[in-house]
Amino acid sequence: MALFGLLAASTSAFGQTVDVQQYWNSASESKAMNTIADAYKARGGKWIDSPSADFDSAIAAATSRIAGGEPPSAVLMNPNAAMRDLASGQLRDFDDLAAKNGWQKAIAPIVWDKLNVDKHLVGLPVGIHADNWIWYSKSLFQAAGIDEPKTLDEMFAAADKLKAAGHTAFAVGGEPWQEVSILTSMIIALGGPEYWNELFIKRDPEALKSPLLPRAFELFRKVSTYTDPASPGRSWNETTNMVVTGKAGMQFMGDWARGEFLAAGQVAGKEFGCFLAPTDKPAYAIVVDIFAFPVNKDEDRIKGQTLLAETVMDPAVEAKLAAVKGSVPSRLDVDTSTLDLCAAKGVKALATPGVTVSSTYDALPGDLNGRMTDLATQFWTDPSMTVEAGVKGLADILQSK
Amino acid sequence: MTTWLKRQGFKPNITVAIFFAVVAVFFYGSILWTSYMSLTRSTLIPKYEVVGLVQYVDLFTNQRWLVSCLNMVIFGVFYMVGTLAFGILLAVLADRRIKAESFFRTIFLYPLAVSLIITGLSWRWLLDPTSGLQALVRGMGWESFTFDWLTRPDRAIYTLVIASIWHSAGLVMVIVLAGLRGIDSDLWKAIRMEGIPLWRAYLQVIFPGMRPVIASCVVLLMSEVIRGYDLIIAMTKGGPGIATEMPAKFAVDFYFTRVNLGLASAASMMMLLLSLLLLTPYFYSEFRRRI
């Protein structure tokens, strides 16, 4: 017993431990997590992995662990309502480290604002994704004689050609969160960044009356007519795999999908292509992956958090991670010249003023994003639900708080 | 044994008191705390300012909650009727002193030993239209065969019913069989002497005498319905869309992933209320008469 005590004391004297609650399980995601873990271990830290099956269960596990007094030292999440909630006393802030290392200057203002709650830095960015991407199979497009669509009409024309050729035109994983992002992609394609901000950020009642919304719901339903029967319940990476293997033509998915193409050894512009939801008002709806650090009391774990924070913010680690994960580095000073065609599109969109907006995942307060997801999945699976009912449902949700 | 206990100064009343104290704190205490939370605007972290019945109003304007409740009724009715009918039928067949009775009993009881998660996953694979039963039958040459209930929003709930009946029928069989074995053999002699047909004997003589046994089954099954969660998670995750959502899943989702403690607590209170509403009359009529 005494021996055990001694051992425990000796490891805690030298150890820097992190217990990381995370959900990165697909091929590209686990490579990305290993990139961080390896860099962290190389700096002498001890890494405890606490994986969950998906985003929802990771957040569920983290919140119940925090509530139960056994908090993880880091949680992989988004700067969303849950983070803002936790920020009231449950999360460690990194104001001192940020000031010392000049992090604010290295991060784009729109991202920096998301990471701060009441002027305290409570989330550290791992990478920047965007939600309104569409991925396609070059070989299927070439075989059907289709060029990369520049308008929504062209996109649906392409879908018709793919369908006529006997392929699944749109690969969709029938999970609520995958479905709602098709709806939001339609809204952002039709409305552009300005309308997006009025609808989802300001939640202006006038924006809800726009004829854009019924049109977005119609197009959302139209996409559902191109899917395959095995769609319900399929995970996003299995679905991306349909495009990778040439079983399906296109997929609406955030650019974490790019990581899956890369993990399968494919090259952007050669085997697969990408475009943002076609529009004449370019927009880029970003989703930021972050680590949040619940308050821990153990000295060893606090040191571990500091070490992980420095690891995550290391430009070299960020660059390496972006290359496998499909994201764009969250630091502006990371060399992006080596990233591929699709990442370059993302970098360009991020650098263009007025194009970047916050995705609904991060922007909506409380459980509004969840309720919108419930509505979207209901509309998607129930063809008898009218467009008017869909728009009204969305209006009720956005005006409820 | 008694003398040994006596020597230890064993005090049953103290043990019982401790037990009740534990129940009071952890069970009724939790209920009280949940009902308190349901009156607040708590999100992830409890807030203690009471705002009235806002969360309940929210709950009953939430489409997903209403669908969940309706699903529970549909699932509950089909599951309970199906499981009871199937379980009782199996018990009667086993009671007819068939050959290899214990072999069949084991087979039908076996699903109960399988966790609901495994049950759900297995049935999902079996019913998946592109790789399961449908694909198999089509592969054997029956091209038009269609059984895609799992992916049809209006039918998916019945696939949960099928899987649950498979899981629970054995339990009902064993309980009812035990009840049947307890029937006085004189009763059977009388039935045989009167020349009553077998089906009438069961329906009008044997089963009415076994009401407490069947009541126990009903209570067991009902609790399965109300706390139904694992099977849904493994089999449909509430989908397609929100077609197979249930109240327990609603509460868990809103507690943790939707970080809305207030609304989830309100949902939990409604589930408690529902359980009481459903079970009280039953307990009252079935168990009071025996006292």
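**Exercise 1. Find where UniProt places the feature "domain: ABC transmembrane type-1" on chain B, and describe the chain there.**

Step 1. The unreviewed UniProt entry puts this feature at residues 69–282 of chain B.

Step 2. Now look at that stretch in the model, which is a predicted one. Residues 69–282 of chain B are 74% helix and 0% strand, and the C-alpha atoms at the two ends are 20 Å apart.

Step 3. The same kind of record also lists a "transmembrane region" annotation for chain B, again from an unreviewed entry, and its segments include 106–126 and 156–180. Take these two in turn. Residues 106–126 of chain B are 90% helix, with 22 Å between the end C-alpha atoms. Residues 156–180 of chain B are 100% helix, and their end C-alpha atoms lie 36 Å apart.

**Exercise 2. Decide whether helix H9 of chain B is buried or in the open.**

Step 1. Helix H9 of chain B runs over residues 185–194, ten residues in total.

Step 2. Count the buried ones, using the cut-off of 20 or more other C-beta atoms within 10 Å. The number is zero, so H9 of chain B lies largely in the open.

Step 3. Move on just past the helix: Gly195(B) has a positive phi of about 70 degrees.

**Exercise 3. Locate the largest nonpolar core and work out which domains of chain A it lies between.**

Step 1. The core has 174 residues, and among those touching the most other members are Trp135(A), Phe291(A), Val312(A) and Met173(B).

Step 2. Helix H10 of chain A (residues 176–201) gives the largest share, twelve residues.

Step 3. Domain 1 (16–129 + 288–338) and domain 2 (133–285 + 355–398) of chain A both contribute residues, so the core lies between them.

Step 4. Zoom in on one member. Beyond its neighbours within four places in sequence, Phe291(A) contacts residues including Ala74(A), Leu124(A), Leu308(A) and Val312(A).

**Exercise 4. Describe the side of chain A that touches chain B.**

Step 1. Start with the counts: 26 residues of chain A are in contact with 22 residues of chain B.

Step 2. Helices H3 (55–67), H4 (81–86) and H18 (368–381) of chain A each supply at least two residues to this side. H18(A) provides the largest share, six residues.

Step 3. Sort by class: nine residues are nonpolar, eleven polar and six charged.

**Exercise 5. Check how confident the predictor is along chain A.**

Step 1. The mean pLDDT of chain A is 90, and 96% of its residues reach 70 or more.

Step 2. Look at residues 1–13 of chain A, where pLDDT stays under 50. The model has one contact beyond four places in sequence for this stretch.

Definitions and conventions. Residues numbered from 1 in each chain as written. Chains lettered and ligands numbered in written order. Predicted model: local features only at pLDDT ≥ 70, side-chain atom pairs only at ≥ 80, totals over all residues. pLDDT = per-residue confidence, 0-100. Contact = placed C-beta atoms within 7 Å. Core = buried A, V, L, I, M, F, W, Y, C linked by C-beta atoms within 7 Å. Buried ≥ 20, exposed ≤ 12 C-beta atoms within 10 Å, placed from the backbone. Helix = DSSP H or I, 4+ residues; strand = E, 2+ residues; numbered from the N terminus. Domains from an automatic or database assignment. Nonpolar A, V, L, I, M, F, W, Y, C, P; charged D, E, K, R; others polar. UniProt positions renumbered as here; feature names shortened; annotations may be inferred.
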